[in-house]
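Welcome! Take a moment to look over the sequence and the model, and then let us walk through them together.

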2 protein chains.
Amino acid sequence: MFNVLKQIPNSRFYSSISVKDIIKTRRVGCKFLMKGWARAIRKMKDNIFVDLDDGSTYQRLQIVIPKNKIADTLSYGSSFEAHGTLVNNTNNQLEITADFITVHGQCPIQEGYPFAPRKIYQSDYVRQYLHMRPQTASFSSLLRLRNQLSIATRYRFSEDGFIEVNVPVLSSNDCEGAGELFIVKPENKNLIKSMASHKHQCPFEVFFNNQTYLTVSGQLHLECIARSLTKVFTIGPTFRAENSKSRLHLSEFYMIEAEQAFINNIEELLSVIEKTTSVVIKKLLDECSEEINIIRKVNTSSNEYDINNIMKTPYEVISYEKACNVLEKQKNFTKPVIRGKPLTKEHELFLVQYNGQKPIFIIDWPQDLKPFYAKALPNNDSLVSAVDLLCPNVGELCGGSVREDNYNVLEEKLSNIGLQKKLDWYLELRKFGNVSTAGFGIGFERFLQVLLNIQNIKDTIAFPRYPHNCKT
Amino acid sequence: MFNVLKQIPNSRFYSSISVKDIIKTRRVGCKFLMKGWARAIRKMKDNIFVDLDDGSTYQRLQIVIPKNKIADTLSYGSSFEAHGTLVNNTNNQLEITADFITVHGQCPIQEGYPFAPRKIYQSDYVRQYLHMRPQTASFSSLLRLRNQLSIATRYRFSEDGFIEVNVPVLSSNDCEGAGELFIVKPENKNLIKSMASHKHQCPFEVFFNNQTYLTVSGQLHLECIARSLTKVFTIGPTFRAENSKSRLHLSEFYMIEAEQAFINNIEELLSVIEKTTSVVIKKLLDECSEEINIIRKVNTSSNEYDINNIMKTPYEVISYEKACNVLEKQKNFTKPVIRGKPLTKEHELFLVQYNGQKPIFIIDWPQDLKPFYAKALPNNDSLVSAVDLLCPNVGELCGGSVREDNYNVLEEKLSNIGLQKKLDWYLELRKFGNVSTAGFGIGFERFLQVLLNIQNIKDTIAFPRYPHNCKT
């Protein structure tokens, strides 16, 4: 054994308390140490009032500092710590009467700090400063609510026996068939040279022995695991190499994907989807409706909708064909609807509006509009058991399908698109202990857009990646 | 409003119950529908006994089927459903007396199913069948325990006020400086051509305007957010383009990374790290010790260690220099220790063994062995406030540091390594409301190796990526 070691005694640090815990525990009369940033400063005759923000909650705690105790360097944006007594002030608000304060870092706003005190900025402006954006009140809220959305999602699934799994980012297949792939190789040229072989010379093949992409969906891998654990889900990054300026697309975005064995019909899949969206929104409103309402009030738009609509199940269901019937009666679309072609965003949003700004399922899609793995309808094999869930603000929030579970049918489909060899493992899943499965994917950032009425998806994630933007 | 819609009535599906819930609720005498796979079949005179496995738990439920009711097609590996009554049998075990069963998919093992009944396979063999590996008892357990590890990790952090955030996979910087990067471009050549500009012609630059890599660590991004939310963490994929055959490396692996503001000394960082590892292991043993013990018994190795060692804090602490003193006294290493050079895996494992197979912190590292952002020691600027946590089985489990928070010192460091322009945003964090921060990263798969005494990291993740392996 060592004789040269020191040990860290437990709890030897005089620890500070967060604003969230101060407000939760309300231990008036006790002394506390608090650390954070000064977001507002009001100088009165005898005292200075500072709003301390430590990011633990959207609420800020007022620190009252006698004038003789304040350091000159404490100004808007400074980081500081305050030690003092928690009191209930005359307005029945909690505040700290400071014994002493220490400034950690000043904030020389005249040297280029992008956010001035008491000013509200457009999100386009704030987005230019991604590294400091979390310091704004609204983006700090966004980050907390984003965390709450993942907590609520995990809650919904684990309550129902779903097990969370990780699916790979690096993949050798394009499971959506949309062809908008990023391709990957080692940067190091010497490494590539040293790994090259007779069989694999291409720089994109030598490392893994095949071309390797960033995943567009974890579904095929989820299917493998659902055929053992029955109910599985994942929350993870997915990628699209698409030159889009849309307010609804990112090059890197998160998907909630779930797959369940022993489902062989679209109705049961729809009920799993609507349970997901409705339970998650309910949980969020139960846990943090105040912060949600603050953000929703800021994000006003021409197309208002009631967030409670998402909780009201069952959702309406309409076939692709009938959706086209409705859309054909409208004459003022930028692009008219064409049967057999995808719906445009304008079409999707119209259908949602037509449905009273409530979610709506579109089912019975033409096979050509959906990936190879969607199962044909029993009575019409030009249509497949697939679904899009359309929601206010974003249109398509979720897509899903019952998966083709017939070995011979799937073999033929794979053969037709030249994937029989590449996806032999996927086909083989249908050979041993075969079961029907169905599943879906929800765009995580779009879900946040629906929840908070956010117009631009770039304002739902800390470091958005989109064409020409990956610096910070 | 639509007049063509149908609606999905709630709970219209006659739903099945999982093995886990059957065992938990023990409603003897009630009728249930169950769905899963036949993992063992014993034929007796009047009845057939089938172990049903649905992946919800490591436990299986015995289904008793009167001989006249069984379908011929039910065999080992088949998927099936059983309807029947829950009873306590003469051994006081729960079982289902079946009224009827339906086979969903047969399992023709003679046609190439890789897992024969009642046989235990080496993990190297099972790993050849990644798509069916979840169907084995031990890998099914691994997947559930992997989920439990992420649940326990999230529990530990949220109990302590840490907020989970997502950091980007696509990144324009190599934050570790190790140079083992994967580089990314769109696959579509027409897209690349259409996005090329006067300034950006290189296929690896046109999409994002700069070379784009797969992240090796989310730390720089976590620092941005910790400077607003104070305590943050993330669990996500990270990447290394390294031609390694090691039992401890993957090309794609998960990291638990945490960053905390207002920490300026290594001792406090060590206490946050050891709290993480010890609380997480304790939570796991509280929640699923039976399943953990089953797996640990299978994974015997020459270097046994007691998992309870991980829970006993404080951990020992030794400086890099003193670690070298200890290692220099040993003569039989494959590679001798060289002062100023990294420790080899053999050195790391020796130090852990020397410490009684208990975790040990190595601190006070030479600056050259750690990334640019590690803060120099106050009394010796050739050393930095960085730490490696070494553990049984894996050696380095976790690395962390106090971050350089002095604007001028960091500016000089960045300038010396040519990153001043690329990381101007990272430097600027030290300008406005500056605070000290510290953080660490724990290899998620290595944590599973420690927990379960797993020798090969490829057996801790469903679809491992490593050189020459990314097919499934």
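## A strand and its neighbours

A:Phe49 stands opposite A:Val64 in strand 4 of chain A. Before going further, a word on the ground rules: this is a predicted model, in which local features need pLDDT of at least 70, side-chain atom pairs count only at pLDDT 80 or more, and totals for chains, interfaces and linings use all residues. Residues are numbered from 1 along each chain as its sequence is written, while chains are lettered from A and ligands numbered from 1 in the order in which they are written.

Helices (H or I, at least four residues) and strands (E, at least two) are DSSP runs, numbered from the N terminus. Two strands pair if DSSP finds at least two bridges between them. With that in hand, strand 3 (residues 47-53) of chain A runs antiparallel to strand 4 of chain A, and six bridges join them. Strand 4 of chain A also pairs with strand 6 (residues 94-105) of chain A, in the parallel sense and over three bridges. There, A:Val64 has A:Thr97 of strand 6 of chain A opposite it.

In a regular strand the side chains alternate between the two faces of the sheet. Which residues of strand 4 of chain A make up the covered face, and which the uncovered one? A:Leu61, A:Ile63 and A:Ile65 are on the covered face of this strand (residues 61-66), whereas A:Gln62, A:Val64 and A:Pro66 are on the uncovered face.

Chain B offers a view of the sheet itself. Five strands form a closed barrel there, in the order 2-3-4-6-5 and with mixed pairing. On average, neighbouring strands of this sheet are turned by 55° against each other, direction ignored; axes are lines fitted to C-alpha atoms, for helices over the stretch in contact, and angles run from 0 to 180 degrees between N-to-C directions. Strand 4 (residues 61-66) and strand 6 (residues 94-105) of chain B pair in the parallel sense over three bridges, and B:Ile63 has B:Ile96 as its bridge partner in strand 6 of chain B.

## Chain A as a whole

Stepping back, chain A has eleven helices and 18 strands. Its C-alpha atoms fill a box of roughly 85 × 70 × 40 Å, taken along the principal axes. Of its 472 residues, 49% count as buried; a residue is buried if 20 or more other C-beta atoms lie within 10 Å of its own, exposed if 12 or fewer, and partly exposed in between, with C-beta atoms placed from the backbone. Chain A is divided into domain 1 (19-113) and domain 2 (137-181 + 216-459), with bounds that come from an automatic or database domain assignment. The C-alpha centres of these two domains of chain A lie 45 Å apart.

## How the two chains meet

A rotation of 180° with 0.0 Å of shift along its axis superposes chain A on chain B, with an RMSD of 0.0 Å. That is the relation of a two-fold axis. Copies are superposed by least squares on the C-alpha atoms of residues with pLDDT of at least 70 in both. Which residue of chain A comes closest to the rotation axis? A:Val184 does, at 2.4 Å (C-alpha).

Strand 9 (residues 182-186) of chain A and strand 9 (residues 182-186) of chain B run antiparallel, joined by five bridges. One bridge partner pair is A:Lys185 and B:Ile183. The contact takes 105 residues from chain A and 105 residues from chain B, where two residues are in contact if their C-beta atoms, placed from the backbone, lie within 7 Å. The copies meet through the same surface, because 100% of the interface residues of chain A are also interface residues in chain B.

A:Pro134 lies in the loop between helix 2 (123-126) and helix 3 (137-159) of chain A. A:Pro134 is buried, with 21 other C-beta atoms within 10 Å. Leaving out residues up to four places away in sequence, its contacts include A:Phe139 and A:Leu143, along with B:Cys224 and B:Ile225.

## Backbone details

Most residues other than glycine have a negative phi, and most peptide bonds are trans. Here are some places to look at with that in mind.

| Place | Feature | Value |
|---|---|---|
| A:Thr313 and A:Pro314 | cis peptide bond | omega about 0° |
| B:Thr313 and B:Pro314 | cis peptide bond | omega about -5° |
| B:Asn453 | positive phi | near 55° |
| B:His468 | positive phi | about 70° |

B:Asn453 is buried, with 21 other C-beta atoms within 10 Å, whereas B:His468 is partly exposed, with 15.
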